[in-house]
Amino acid sequence: MSSIQAVLPWMLAVVLGCCSGDGRADSSASVKFSRLAVELFDLNRADGIEPGIALSEVERSGFLFQYPFPDPSGPALREDQLEGNGSATLSDSNGSASITLQDASMDGAAVVIGGGAYTALLTDRFTFTLTPYTRVVFSSLAESALSAVTAQSALAVVTLGGQLTSMAPFVSFESSNVRLDPGSSAVPISVETSSGDFAVAGDIALHGYAYAGGVMPIPEPGAWAMLLAGLAVLAATRGRRLRAPGRLKRSALTAALAAVAAASGIAQASSGSASIHDFTFELIDLDETDGITPSLMFTSDIVNGAVFANMNTVLGNPWDETRSLTHYGADSIDKPQGAALVELSPGSARAAAHAGRGAFSAAGSSGYAFTLTPHTHVRFSAIAQLDVAHYNPTSPPDLGEAEAGLLGEIFSFPGQRTQFDSFLVSSTPGSSSRTLAVHAYSGDVLATGYIRADARAFAIGVSPIPEPAPWAMLLAGLSLSALSGQWGAIRACSRRPGQARLFLRALRHHR
């Protein structure tokens, strides 16, 4: 009977595999974006510096992939690449993928009419250097179209994002136009950054992604067969495999704690503090002839925060203590050797963590859901401020981190959304402050979305390990060495009485 039970899943796999269908639903996706546009603003007219940017294109390319099954994470069956202007196509009886790179725009498309999957990837990447006291806004018109009979059989995404590379803390900015449902849209996407007392360098890139895959009918007998087979294998090996992770986990924890215990002690505490405040917005009319006065209405608040503490070990998870904040105000955890604080008010958030021993963390978000009039561009901005301190940034586990930013999303077309964010992040000791901004656009109809001010802080501290004075350690080491040498001789003498008498005679003679 047991042998029949063992073979039954494999028999079911064979039968269901033979019964699996090969029907598909046709789908297609396309993306297109215009050449990167740049707009400069002078932040200090009295400094005598004319705002300027040196922009250099470092990559302009497209990639095509054909997969034997609708899984873009798997190996491609065929692929092709194009650099510079031109066009390329992969096609067969099941579908096609194509790209066209021009001076003014880049576009890619993927179409499936049978099995498999097709992907088109586009990249237009630049490096830049920005003059002091200059704000720069990068933008592009992102177009996408989707046709899919079944959900998730096609996807179209255009992303504009970058970072500053010549300064600490880390500054990032990104906006993505994502189409998940059938339809088409043409929506601007924008990001921005700025410089201070000195010129800054960074990189900025446009990416396009079009994917279309064949869809198996529902239910999928072949998939059920694979599931049954997998469960059979899991059941057969359960007894052997479930014990090993326990040993590995214990060994890993022991090794980690040993590494912490072996680290030299530090008396200074670690800390991280992040805040985002002075939230504001600016409205720009995209069509002055439509008779609509631009307006933004906040419809509801978004408030959430949490503080965490772990005193047993700096590496331990889950946290020993957790407190949540779901309204405006503050909450904190205070321990003799550390603290975590989150404080929220309308449009602002503050998180702070301090650790002399253990791990402390805090995170909070404060924002709004909103509606935006048609043909309106809104720019949200706020000031992010970070403070980080720890004894040795190159010697974990002592660590302090802080992060503050703006993030949000807007739904301006059916089936299409634009996500945007900008963050200031640091794990380097010091203080920094910077204005962050994100951009959103509405289309022909009223748009809805949300905007959040986000702050996070994290700190790990290691208490000093008692360390005897160097002379005491030296004497102890010499004593142990002498004792170990004599102990070896005593053990040898115990096995050979003749050598024991010689050893005792040598000791008397030495005295």
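**View 1. Ser-273 lies in strand E14.** The model shown here and in the views below is predicted. Ser-273 counts as buried because its relative accessibility is 19%, and the cut-off for buried is under 20%. Beyond its neighbours within four places in sequence, Ser-273 is in contact with Arg-350, Ala-351 and Ala-352, with Gln-385, Leu-386 and Asp-387, and with Ala-402 and Ala-457. Ala-362 is 89 residues away from Ser-273 in sequence, and the C-alpha atoms of the two are 9.1 Å apart in space.

**View 2. Strand E14 is paired with strand E21.** Strand E14 covers residues 270–285 and strand E21 covers residues 376–389. The two run antiparallel and are joined over 13 bridges. One of the residue pairs to look for is Glu-282 with its bridge partner in E21, Arg-379. Ser-273 of the previous view belongs to strand E14, and its contacts include Gln-385, Leu-386 and Asp-387.

**View 3. Strands E14 and E21 belong to an open sheet of 6 strands.** The strand order is E17-E18-E19-E14-E21-E24, and the pairing is antiparallel. Strand E17 (329–335) and strand E24 (430–441) are the edge strands, each pairing on one side only. From one strand to the next the twist averages 10 degrees. In this order E14 stands between E19 and E21.

**View 4. Strands E10 and E11 form a hairpin.** Between the two strands there are 5 residues. Strand E10 spans residues 154–164 and runs antiparallel to E11, to which 9 bridges join it. Ala-156 has Arg-179 of E11 as its bridge partner. Elsewhere along the pair, Gln-163 stands opposite Ser-172 in E11. Both strands are mostly covered: in E10, 9 of the 11 residues are buried, and in strand E11 (residues 170–179), 8 of the 10 residues are buried.

**View 5. Each strand of the hairpin has a further antiparallel partner.** For E10, this partner is strand E13 (residues 200–213), and the pairing extends over 11 bridges. Val-158 stands opposite Gly-208 in E13. For E11, the partner is strand E23 (residues 416–426), with 10 bridges between them. Here the bridge partner of Glu-174 is Asp-421 in E23.

**View 6. The largest cavity holds about 40 Å³ of space.** The count of cavities of 30 Å³ or more comes to 1. The residues that line the largest cavity are Val-171, Glu-192, Thr-193, Ser-194, Ser-422, Arg-434, Thr-435, Leu-436 and Ala-437. Strand E12 (183–194) and E24 are the elements that give two or more residues to this lining. E24 provides the largest share, 4 residues. By class, the lining has 3 nonpolar, 4 polar and 2 charged residues. E24 is also an edge strand of the open sheet in View 3.

**View 7. The largest pocket holds about 250 Å³ of space.** Its lining is made up of 15 residues. Ser-194, Ser-195, Ser-433, Arg-434 and Thr-435 are the lining residues that lie nearest the centre of the pocket. E12 and E24 each supply at least two residues of the lining. The largest share, 4 residues, comes from E24. Sorted by class, the pocket lining has 5 nonpolar, 6 polar and 4 charged residues. Ser-194, Arg-434 and Thr-435 are lining residues of the largest pocket, and these three residues are also among those that line the largest cavity in View 6.

Key
Residues are numbered from 1 along each chain as its sequence is written. This is a predicted model: local features need pLDDT of at least 70, side-chain atom pairs count only at pLDDT 80 or more; totals for chains, interfaces and linings use all residues. Side-chain values use heavy atoms; hydrogens and water are left out. Two strands pair if DSSP finds at least two bridges between them. Axes are lines fitted to C-alpha atoms, for helices over the stretch in contact, and angles run from 0 to 180 degrees between N-to-C directions. Buried means under 20% relative accessible area, exposed over 50%, partly exposed in between (1.4 Å probe, protein chains only). On a 1 Å grid over the protein atoms alone, a cavity is a set of points where a 1.4 Å probe fits but cannot get out, and a pocket is an open set with protein on both sides within 12 Å along at least five of seven lines; lining residues have an atom within 4 Å of a point. Grid points are joined across faces, edges and corners, and a volume is the space filled by probe spheres set on the points. Ala, Val, Leu, Ile, Met, Phe, Trp, Tyr, Cys and Pro count as nonpolar, Asp, Glu, Lys and Arg as charged, and the others, Gly among them, as polar. Contact means heavy atoms within 4.5 Å.
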